[in-house]
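Thank you all for coming. I would like to walk you through one structure this morning, taking the meeting of its chains as the topic, and I will give the terms as we go.

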Amino acid sequence: MSITVTLLIQIVAFVLLIWFVNKFLWAPMSVMMEERQKKIADGLSAAEKGKKELELAEQRAKEVLQEAKVQAQEVLSQAEKRGTEIVNEAKEKAVEEVERVKAAATAEIEQEASAAREALRAEIGQLAVNGAAKILAREVDEKAHADIIDALAKEI
Amino acid sequence: MASGEKMGTVEYIQHHLTNNSICLEDGGCGPMSFWQINLDTVFFSTLLGALIVFVAWRTSRSMVAGTPSGFQNFVESILDFVQGQVKDTFPGHNPIIAPLALTIFLWVWLMNFMDLIPVDLLPYIAHTFLGIEYLKVVPTTDINTPLAMALTVFALIVYYNIKVKGVVGFIKMFLFHPFGKFLVPVNIVMTLIEEIAKPLSLGLRLFGNMFAGELVFLLIALIGGTLAVGAAALFWAPLQVVLDLAWLIFHILVITLQAFIFMVLTIVYLGMAHTEDH
């Protein structure tokens, strides 16, 4: 139980053991653990970055969507406007056409009426002459009074 | 009992507390001679040190960085624990501190653990099968082991004191601490005592605790060995078992605590050596 030369041996053993523990246990293990720590930290920061990027992308998508909505609205209103224009144009054209057709019809009717009147006049003339001839046939020579009859017919 | 023959309680205890040593002196060694090697102490401490190195080598060979499992987790948690202690108590950075603390913790714990092996088991085996008369299995109950570690730590303390503070700073520490420049002689004595007390308290604390623990184990072992004669054995034998178990469980705490204290104090002392202003 006294201090002996064992002390020196134990000192040597202790120092050697420290060296061994450092070489075989501490150094490789701490290097590995540090590596893992770094890996985990990297992973976490990458995840954080990804999250931020996702947020950014979402923001961007929202903006694009908003823009698209505005554009669509614009297109829609433009189309509506154009539609109204077309309808108006068509209406105008229709009215014009109606006018034109109406005018044409009126002209035709007038023409026909005048033709009919002409024919009627001729016929009535003929009729009157015929009537007069019949009347006069009893009293007058048709041929002698033809010039008077023609002058009469022309007055109708 | 180890010697195999009937002996008294004092002889029993003394027998157990005697190291198996060889003498390097011509003409034999006296009881207090310096020149003897305690073979059992050297053998068991070296064996346990080799065990640490072997297990460390095996673990570091099969270790994986990604998903550690099983034993690697266990080793890593010890490493983390030691590193946490170093980070908490040691100022600045010194790559030797953590491995040193780890070595102390593991080695002291394993050597203390030898205390939990039944006191008569290994001596009995050694005596019966190998013919070895004396065997003291717990290296930390031999004053040489704790003191060797304490002195190594002390050497490091002095080395880093000088390295960090410089030779002048180191001398200044002796001259002007703790009472300033007007009490230089007192300062020298005080600082000397303070510095020498460090390795002494470090070594003797461990030695004392383990020695006392071993002694209690021996006394408990004596209950059955000497008092149990005839029918009385029915009472004494169970008592010995109960007491032994209780002390064993308590001792698990003690050996861990002692290893922990030795480690932490080493870190603290070396930390003090590293601080510029004392």
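By contact I mean heavy atoms within 4.5 Å. What we have here is a predicted model, in which local features need pLDDT of at least 70 and side-chain atom pairs count only at pLDDT 80 or more, while totals for chains, interfaces and linings use all residues. Residues are numbered from 1 along each chain as its sequence is written, chains are lettered from A in the order in which they are written, and side-chain values use heavy atoms, with hydrogens and water left out.

How many residues does the contact take from each chain? Chain A gives 27 residues and chain B gives 49 residues. Together they bury about 3700 Å², of which 78% lies on carbon and sulfur atoms; buried area is the accessible area (1.4 Å probe) that two parts lose on being put together, summed over both.

Between chain A and chain B the count is one salt bridge, that is, a side-chain nitrogen of Lys or Arg within 4 Å of a carboxyl oxygen of Asp or Glu. The partners are A:Arg36 and B:Glu76, whose closest N and O atoms are 2.4 Å apart. On the side of chain A that touches chain B, we find 21 nonpolar, five polar and one charged residues, where Ala, Val, Leu, Ile, Met, Phe, Trp, Tyr, Cys and Pro count as nonpolar, Asp, Glu, Lys and Arg as charged, and the others, Gly among them, as polar.

Finally, consider A:Leu25: leaving aside neighbours within four places in sequence, A:Leu25 is in contact with A:Phe20 and, from chain B, with B:Ala56, B:Val75, B:Leu79, B:Leu102 and B:Leu106.
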